[in-house]
Amino acid sequence: MINVPVCIVGSGPIGLAGALLLSRFGIDTLLIERRSEVNTHPRSRFVDTNTMELMRFLGLEKAVEETGLGPDWTAYNRWFNALTGDQIAAIPSPTFHTVPRSTSPTMPVMTCQDYVENVLLAEIRDDERIELRHRTEAVEIGQDEQGATVVIRDLASDEQSTVRADYLLGTDGPHSFARQAIGSALEAAPLDNYSQDVIFEADLSEYAKERKGGLLYNATPSGVLVFQPLNGITRWRCQIFKADGEPLSDAETISRIREAVGGGDVPIRITSTGIWRPTPGCVDHLSRGRVFLAGDAAHVAVPTGGMGNNIGFAGIRNLAWKLAYVLKGFAPPWILDTYHAEHRPVALQRVATGVETTDFMRKIFLAYYAGQDPSEGVRETRQYADYDGVLLGFELESPLIAKNAEPPPTVENPTIDFVPAVRAGRRAPHLWIDERQGQSVLDWFGTDYVLVGGAAVAAARWRSVVGRVADGTGFPVRWEQLPLPEAAPYDPRGLALIRPDGIIADCWDDAGVRDDDVEARLRQQLPLQPS
């Protein structure tokens, strides 16, 4: 019998990130994976701002940045009738663009899933708290009130063994065995098209040098094909949109790629291919008992907008600290119920945004093939890579989060427009707190609850009560004060209680709390163990 606090089934990027996060809290994990190596047919490319902030916490921000394409590839998405033909549209992609921004200490990165997995794997191999077993599958999952039991099989030897874990995480993809084991249903609706996904090697630099973009769509006579640069040189991914699920032969695939290039018999070597049908949706329950689902096991997005893995990273960051706090005895088990309450609405919104953007984008092609003006489709498709309102302006609700007395900031387009705000349920706004812009407010968060006070707050009484609560309960909470008198959107006289995942649990005005109510006000939103 193998005993471990957490067993993770599936070592894609979400499972790897989950193990690393739990390790940062001192929690041991067993991570099992059927594959013998990283995914050699990567589907995901975009690492969004929230995920890069997670990578920053893990100490991997620069390593992931170094795998990316850089700003010359990420300023636009483009539409052509062929890569060397007429340009139909060039739409700015500010959410994708790898440039410094005022809303985060990090930059988004357009990279490739296997590159990111290798960065995470390198970190895991040096981590004594994580045991990773490749070529190992779960064949049976059960649970009781005390924990989960997993029968695992070594695919090389065919030997089986039993794992006993306090909790199990299913991060085993869209056909999740863990999801089936707990009877959670994926509520999904397939789209009416198929996609042949192709990873290939070719030198397209001559054709793309003046037409760089994160996505290069081509409305060819044979149909739509999109080029996606993976390394900006010779490694590419393309998707060939089809009405049926019959795969093209390699010869047909190469012919379609050359047609989309629009010139010459460019040498092409296909390294992997597969056909699939986008089936966006989300499970009805993100957990049952001691078993939790994350990543594609919990929700599946369409490729449009690159949201799939990023939704998974958001979910695992929401869940990991809660598991750790329960396992360490800091907080009661009921906080685990808030994973479903908080994360499922976020997943549903982002999956729906991807589907909506796909529908908008189709108008460009329908208009082009009909010989009509595509400008309406172009205008609506602006949100393809301009959706910071969805990405950064979300607002979680659960018993771990206070109710806001005021409505959120008004914006013209909630998908696109983002206004940083200090509000319960929101991601804490970024603010540089040193002159050289090396440390962000966000760098204070990650393992503890942090009470952040504005520069004009009466720091002595709050620092004292934070220390008293931490010492008296063992709960990980600490005090930090903003050094800048002007620190918008943080109020100089305001306080914000921030969770380990960077979400604001509560916020209030210093002047509104009497001295004899200070401790009660702090305890009000901390998930303390019953005394």
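Which residue in β15 is the bridge partner of Val 226? In this predicted model, that partner is Gln 239. The pair belongs to the ladder between β14 (residues 223-229) and β15 (residues 235-242), two antiparallel strands joined by 5 bridges.

## The seven-stranded sheet

Let's stay with those strands for a moment. β14 and β15 sit within an open sheet of 7 strands, ordered β5-β4-β13-β14-β15-β12-β16, with mixed pairing. At its edges are β5 (87-92) and β16 (269-276), and each of them pairs on one side only. Going from one strand to the next, the twist averages 15 degrees.

A helix goes over part of this sheet. α10 lies across β4 (76-80), β5, β13 (216-220) and β14, and its direction runs at about 30 degrees to that of β13.

## The four-stranded sheet

Further along the chain there is another open sheet, this one built from 4 strands in the order β22-β21-β23-β24, and again the pairing is mixed. β22 (477-481) and β24 (504-509) have a single partner strand each, so one side of each is left without a neighbour in the sheet. The twist here averages 15 degrees from one strand to the next.

Inside the sheet, β21 (residues 449-453) and β23 (residues 494-498) run antiparallel and are joined by 4 bridges. One of the pairings is that of Gly 453 with Leu 495 in β23. Helix α13 (residues 459-473) packs on this sheet and touches β21, β22, β23 and β24; its direction makes about 165 degrees with that of β22.

## A hairpin

β8 (residues 136-144) and β9 (residues 147-154) make a hairpin, with 2 residues between them. They pair in the antiparallel sense over 8 bridges, and within that ladder Gly 142 has Thr 149 of β9 as its bridge partner.

Here are the three antiparallel ladders side by side.

| Strand pair | Bridges |
|---|---|
| β14 (223-229) and β15 (235-242) | 5 bridges |
| β21 (449-453) and β23 (494-498) | 4 bridges |
| β8 (136-144) and β9 (147-154) | 8 bridges |

## Nonpolar cores

In soluble globular proteins, nonpolar side chains tend to be buried together. In this model, the largest nonpolar core has 93 residues, and the members touching the most others are Leu 169, Tyr 449, Leu 451, Trp 462 and Leu 526. Helix α9 (residues 308-327) is the top contributor to this core, giving 9 residues.

What does Leu 526 touch, leaving aside its neighbours within four places in sequence? Leu 526 is in contact with Tyr 449, Val 469, Phe 475, Val 477 and Leu 497. A second core, separate from the largest one, has 51 residues; Ala 89, Met 110, Cys 238 and Ile 270 are among them.

## Pockets and cavities

Now for the empty space. The second largest pocket has a volume of about 430 Å³. Its lining comprises 26 residues, and those nearest its centre are Asn 50, Glu 53, Arg 317, Asp 501 and Gly 502. Which elements each supply at least two residues of that lining? They are α2 (49-58), α9 and α10 (338-369). Of these, α2 provides the largest share, with 6 residues.

As for cavities, the structure holds 3 of 30 Å³ or more. The largest encloses about 70 Å³ of space. Its lining residues are Pro 13, Ser 44, Arg 45, Phe 46, Val 47, Cys 112, Gln 113, Val 116, Asn 309 and Phe 313. At least two residues of the lining come from each of β3 (46-47), α5 (113-125) and α9.

## Backbone oddities

Most residues other than glycine have a negative phi, and most peptide bonds are trans. A few places here go the other way. The bond joining Ala 488 and Pro 489 is cis, with omega about 5 degrees, and Pro 489 lies in the loop between β22 and β23.

Asp 158 has a positive phi, near 70 degrees, and is found in the loop between β9 and β10 (160-170). Gln 437 also has a positive phi, near 55 degrees, in the loop between α12 (388-392) and β21. Is Gln 437 buried, partly exposed or exposed? Its relative accessibility is 48%, so Gln 437 counts as partly exposed.

Key: Residues are numbered from 1 along each chain as its sequence is written. This is a predicted model: local features need pLDDT of at least 70, side-chain atom pairs count only at pLDDT 80 or more; totals for chains, interfaces and linings use all residues. Side-chain values use heavy atoms; hydrogens and water are left out. Two strands pair if DSSP finds at least two bridges between them. Axes are lines fitted to C-alpha atoms, for helices over the stretch in contact, and angles run from 0 to 180 degrees between N-to-C directions. Contact means heavy atoms within 4.5 Å. A nonpolar core is a set of buried Ala, Val, Leu, Ile, Met, Phe, Trp, Tyr and Cys residues joined through side-chain atoms within 4.5 Å. Buried means under 20% relative accessible area, exposed over 50%, partly exposed in between (1.4 Å probe, protein chains only). On a 1 Å grid over the protein atoms alone, a cavity is a set of points where a 1.4 Å probe fits but cannot get out, and a pocket is an open set with protein on both sides within 12 Å along at least five of seven lines; lining residues have an atom within 4 Å of a point. Grid points are joined across faces, edges and corners, and a volume is the space filled by probe spheres set on the points.
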